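Here are my notes on this one, as numbered points. Keep the viewer open while you read, since each point is meant to be checked by eye.

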Amino acid sequence: MIERIVLIDQADPVSFYGVNNSNMQLIRNLFPKLRMTARGSVIKVMGDDAETADFEKKIKELEAYCAKYNKLGEEVILDIVKGEQPRDMKADDVIIYGVNGKPISGRTPTQQRLVAAFQKNDLTFALGPAGTGKTYVAIALAVRALKNREVKKIILSRPAVEAGEKLGFLPGDMKDKIDPYLQPLYDALEDMIPAAKLKEYMETKVIQIAPLAFMRGRTLNDAVIVLDEAQNTTTHQIKMFLTRLGVNAKMVITGDITQIDLPRSTTSGLVQALRVLRDIQGIGRVEFGKKDIVRHQLVQRIVEAYERDEEERKALEAEAEETAEETAG
């Protein structure tokens, strides 16, 4: 009788073991001759050499399935242990499988173009109004690259620009003040990575979320880097950020040039970057429109209403200027 130790280091242990360890209990029943204990990410098994070797092989197959789909059900366990091929979920246009096996894919043609642009280019701009899923898809692509071991880390950043409330008025230390600006990034990650695994990634800095100011001086190798809300960067900030791109790295810049929260006298770094880099090879650009909005249907109507109001305001201003010139003449 020998003892083997099997590590569950790729899949989330909570998803792997199942609710109330139901998956582990089923595995025990399928290997009645073996004695096993599971604690955290470690499974210890004792028994015949050939049987424990077969057990380790099956566990690794189950782990690979769970790591891919973030889900492990009874039917899959039975199929793999019996040596049968489990039925894969529909995977034609799926980027990754999120928490509980939720498929995350490009839901609109423009989102699918962003997926293609990311694969083709090392730097991609994703532009468009709120609710089009540009940031969500960018983070999904980053998570996929990490899962496939194409990169070693994910770095997500946002400029900490206030839209009405000042940082100094928020309670707590610097992290507490900054976190509200980064919450949309946390929300997306929580949709895609099980809580225990996400916590591990954050603690080991495999996934880093930081305000733009913290990027200065770094060279970002073997990473996917996503800059969100880039319309709120200054020209110096976005140049600093773009030049962080290192070896075997990809960068996605998302923003909406109709929602700039900078002071009126400050030029948006995103607007300038789009102009300066427009003819550079290796840079992708994907533009989303109102029809790509995938949030509540009211969001599209709200965006359209504000656009109409802005057009009317500009028309009134132009008319007022003409009247003033005629009067002065």
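1. Start with Arg4. This is a predicted model, and in it Arg4 comes out at 22% relative accessibility, so the residue counts as partly exposed, the band that begins where buried (under 20%) ends. Its salt-bridge partner is Glu56, with 3.4 Å from N to O between the two side chains. Glu56 is also partly exposed, at a relative accessible area of 27%. What I'd look at is the span: Arg4 sits in strand 1 (residues 2–7) and Glu56 in helix 3 (residues 49–69), so the pair links distant parts of the chain, 52 residues apart.

2. Arg4 and Glu56 have company. Which residue joins them in a network of salt bridges that share partners? Asp49 does, giving one network made of Arg4, Asp49 and Glu56.

3. Helix 3 turns up again with Glu51, which forms a salt bridge with Lys33, the closest N and O atoms being 3.9 Å apart. Here, too, distant parts of the chain are linked: Lys33 belongs to the loop between helix 2 (22–30) and strand 2 (35–39), and 18 residues separate the pair. Are the two ends buried or exposed? Glu51 is partly exposed at 30% relative accessibility, while Lys33 is exposed, with a relative accessible area of 65%.

4. For contrast, try Arg278 and Asp279. They form a salt bridge whose closest N and O atoms are 4.0 Å apart, and both residues are exposed. If you want to go through the whole set, a search of the structure finds 15 salt bridges.

5. Now the inside. The largest nonpolar core has 37 residues, and Leu189, Met192 and Ile207 are the ones that touch the most other members. The elements giving two or more residues to this core are strand 4, helix 5 (109–120), helix 6 (134–147), strand 7 (153–158), helix 7 (174–192), helix 8 (195–203), strand 8 (207–211) and strand 9 (223–227). Helix 6 gives the most, with nine residues.

6. Leu189 is a handy place to centre the view. Setting aside neighbours within four places in sequence, Leu189 is in contact with Ile139, Val143, Leu156, Leu198, Ile207 and Ile209. Apart from that core lies another one, of 27 residues, among them Tyr17, Ile43, Tyr65 and Leu72.

7. Strand 8 deserves its own look. How many of its five residues are buried? Five of the five are, and the strand is mostly covered. Ile207, Ile209 and Pro211 point one way from strand 8, whereas Gln208 and Ala210 point the other way, and all are buried. Strand 8 pairs with strand 7 in the parallel sense, over five bridges. One of the positions to click on is Ile207, the bridge partner of Ile154.

8. Strands 4 and 5 are a separate stop. Strand 4 (residues 94–97) runs antiparallel to strand 5 (residues 103–105), and three bridges join them. Ile96 has Ile104 as its bridge partner in strand 5. The two strands form a hairpin with five residues between them, and Asn100 in the turn has a positive phi of about 60 degrees. I'd check that dihedral yourself.

9. Still on strand 5, consider Ser105. Its relative accessible area is 19%, so Ser105 is buried, the limit being under 20%. The C-alpha atoms of Ser105 and Ile95 are 5.0 Å apart in space, with the two positions ten residues apart in sequence terms. Neighbours within four places aside, the contacts of Ser105 are Asp93, Val94, Ile95 and Gln111.

10. Last, the surface. Which residues make the nonpolar patch of about 230 Å²? They are Ile257, Ile260 and Val271. Ile257 lies in the loop between strand 10 (250–255) and helix 10 (269–276). With a relative accessible area of 47%, Ile257 is partly exposed, and therefore it passes the patch cut-off of over 30%.

Terms used: Residues are numbered from 1 along each chain as its sequence is written. This is a predicted model: local features need pLDDT of at least 70, side-chain atom pairs count only at pLDDT 80 or more; totals for chains, interfaces and linings use all residues. Side-chain values use heavy atoms; hydrogens and water are left out. Two strands pair if DSSP finds at least two bridges between them. Helices (H or I, at least four residues) and strands (E, at least two) are DSSP runs, numbered from the N terminus. Patches are made of residues with over 30% relative accessible area and no salt bridge: like charges are joined within 9 Å, nonpolar side chains (Val, Leu, Ile, Met, Phe, Trp, Tyr) within 5 Å. Accessible areas come from the Shrake-Rupley method with a 1.4 Å probe; for residues, only the protein chains shown count as cover. Buried means under 20% relative accessible area, exposed over 50%, partly exposed in between (1.4 Å probe, protein chains only). A nonpolar core is a set of buried Ala, Val, Leu, Ile, Met, Phe, Trp, Tyr and Cys residues joined through side-chain atoms within 4.5 Å. Contact means heavy atoms within 4.5 Å.
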